[in-house]
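Here are my comments on the model you sent round, set out as numbered points so that each can be checked against the coordinates.

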Amino acid sequence: MTIGRGSQDALGAAVDTVVEDDLCTGCGMCELISPRIRMEDRGGFRRPRVSGSPDGRDDAQAREFKRSCPGRTLTAPRPPGARRDDYLGPIAGAWRAWATDPDIRHRGSSGGTLTALAVFLADRGEVVSGVRAAREQPRRTVPVSITSRAEALDAAGSRYAPVSAAGRSTEGAGAVIGKPCEVAGRRQLDAVRGVESPVLMSFFCAGTPSQSATDALLEKHGIGRDEALEQLWYRGRGWPGAFTGVAQDGRRVEVDYSSSWGGALGPTVQWRCRLCVDGVGEFADITAGDFWDADERGYPIFDDAAGMSALLARTPRGLRIIEEAVAAGVLEVEPMDIDALLGVQRYQVERRKYMSGRLAGNRLSGGTNPRYRGFSLLRLVRRSPRRVLHEVRGTMQRAAKRRSS
C-alpha cells in the first residue's frame, strides 16, 4: 500500500492494492473511473497514480474499480449467438482473412484486418481509438484517434511496448482497438455502469514487454538509449516483419521477429501477463490473430509471406460488422478450421490449459492471484495433470527469482 494513504481513501487503497500485488496490467481503464487517477511510466511499465483527496463518490468509485479492473478480476463473457470454445472463448464466426487493400495488408502485423476494419468504421463516421509510435519519440507508444485511412495506416502494426489504451483517450470513440486486458477492462466497467460499450476490437497477445527491452535491443544493435529515432516499428511492412529502428542520421537496425520477440522483448513481459487467462481477446466484438503455417512439429514458420489473419467474431455486432466489411470489399475471407488455428496458436492453447498450475505456483509462493470465473480452468487440468504440476514448480521458481533480483 502507498505510505500515508488515508484510511478513508477507498479508491486509492483499492488501486494501490492491485499495483502492490503486482496484478496491474497497465491498461488505463481506471482513468475512466476518476479524474484522480493518472497513468504514468514506472519501472518500465504503465501504472496508475491516485492523487488528491477523496470526494463523495469515492466509495462508489472503489466499488466500480473492484468489479471491473482486469488485473483484479475477469468473468468469462458469454454473449448471445456465440458458442464457447475452451481455449478461444466466444465464437460467432471464424475465418482466415486479409485486407484487400495491398498497402494495408503490407503494413499490418498479419493480414491487416484490424487496420482495414478501422478504415471501414472511420469511413462510416466513427472515431476509432488505437495506438501508434509517438511522433517526437518513436520508442514510445501513445493512444491516437483514427478518423481516416492515412491515420489508420500510421497506426498499423503491433507495438510491443507499454501503453494505456483503455483510459481517457477512448472517451467519445465509437470503436476501440486494444490489448485483451484493455478491452476486458472497458467491457467490465461498462457492464457495471449499465451502458453499451463502443465496438471493441482486440488481438491475440502474449504479454506486454518492458519499455527498457526496446531500448536495450536498439542499444545492442548500435543505437544508443539517448539517441533520437526517426522511426521505430516492431512488426508489419511484410509478414511477419522485422523489428526496425531508424536513427535520425539514417542508421538502420533490423532484427527478425523470432530474435526480437523471442530473444529480447518476450522474456521481459510483466508478471501479471504470465498469470493472464485471456490472451485471445475474449471480451472484444472482433478479435484477430496470426494464422501462420507450421512445420511438422507444430512450430510456426516465420518465412516472409503475405500476411494472413485468423478473424473471430465474438458477438452479433462483431459478426455484422465483419459481414458488412466483406460485402463492401474491404476484407477477403475464407472458412477457417478452429482446430487448425489451435494447432498454430500453441502458446495460447498451452497458456489456458496450464493456467491453473501457474496460479497455484504463484499462490504457494506467497503471491496474490486475479479472480477468474467461467474459464473452465479446473476442467482443463484433467487433460494434462503432469504438465500442470510442472507449471506449479516453474512458477514457484520464477517467483523466487523475482524476489531475489
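The points below take up the cysteines, the nonpolar cores and one helix of this predicted model.

1. The structure contains zero disulfides, and the cysteine pair 27 and 181 deserves a word here. The sulfur of cysteine 27 has its closest cysteine sulfur in cysteine 181, at 5.6 Å, which is too far for a bond, because a disulfide requires the two sulfur atoms to lie within 2.5 Å. Both side chains belong to buried residues, cysteine 27 having a relative accessible area of 6% and cysteine 181 counting as buried at 16%.

2. The largest nonpolar core comprises 29 residues, and those with the most contacts inside it are Leu117, Leu121, Met201, Ile286 and Leu311. Helix α4, residues 113-123, gives the most to this core, contributing seven residues. Apart from it lies another core, of 21 residues, which includes Leu11, Met29, Ile37 and Ala166.

3. Isoleucine 286 is worth inspecting individually: leaving aside residues up to four places away in sequence, isoleucine 286 touches Leu114, Leu117, Leu200, Met201, Ser202, Leu311, Leu312, Gly318, Ile321 and Ile322.

4. In helix α8, residues 257-265, the buried residues are Tyr257, Ser260, Trp261, Ala264 and Leu265. Viewed down the axis of α8, these buried residues fall within an arc of 115°, and therefore they line one face of the helix. The elements against which the buried residues of α8 pack are α7 (211-220), β12 (243-247) and β13 (252-255).

5. At the start of α8, a side-chain oxygen of aspartate 256 comes to within 3.1 Å of the backbone nitrogen of serine 258.

Technical notes
Residues numbered from 1 in each chain as written. Predicted model: local features only at pLDDT ≥ 70, side-chain atom pairs only at ≥ 80, totals over all residues. Heavy atoms only, no water. Buried < 20%, exposed > 50% of the residue type's maximum accessible area, 1.4 Å probe, protein only. Core = buried A, V, L, I, M, F, W, Y, C linked by side-chain atoms within 4.5 Å. Helix = DSSP H or I, 4+ residues; strand = E, 2+ residues; numbered from the N terminus. Contact = heavy atoms within 4.5 Å. Arc of directions from axis to C-beta. Polar contact = N/O pair within 3.5 Å; in protein donor to acceptor, adjacent residues only side chain to side chain.
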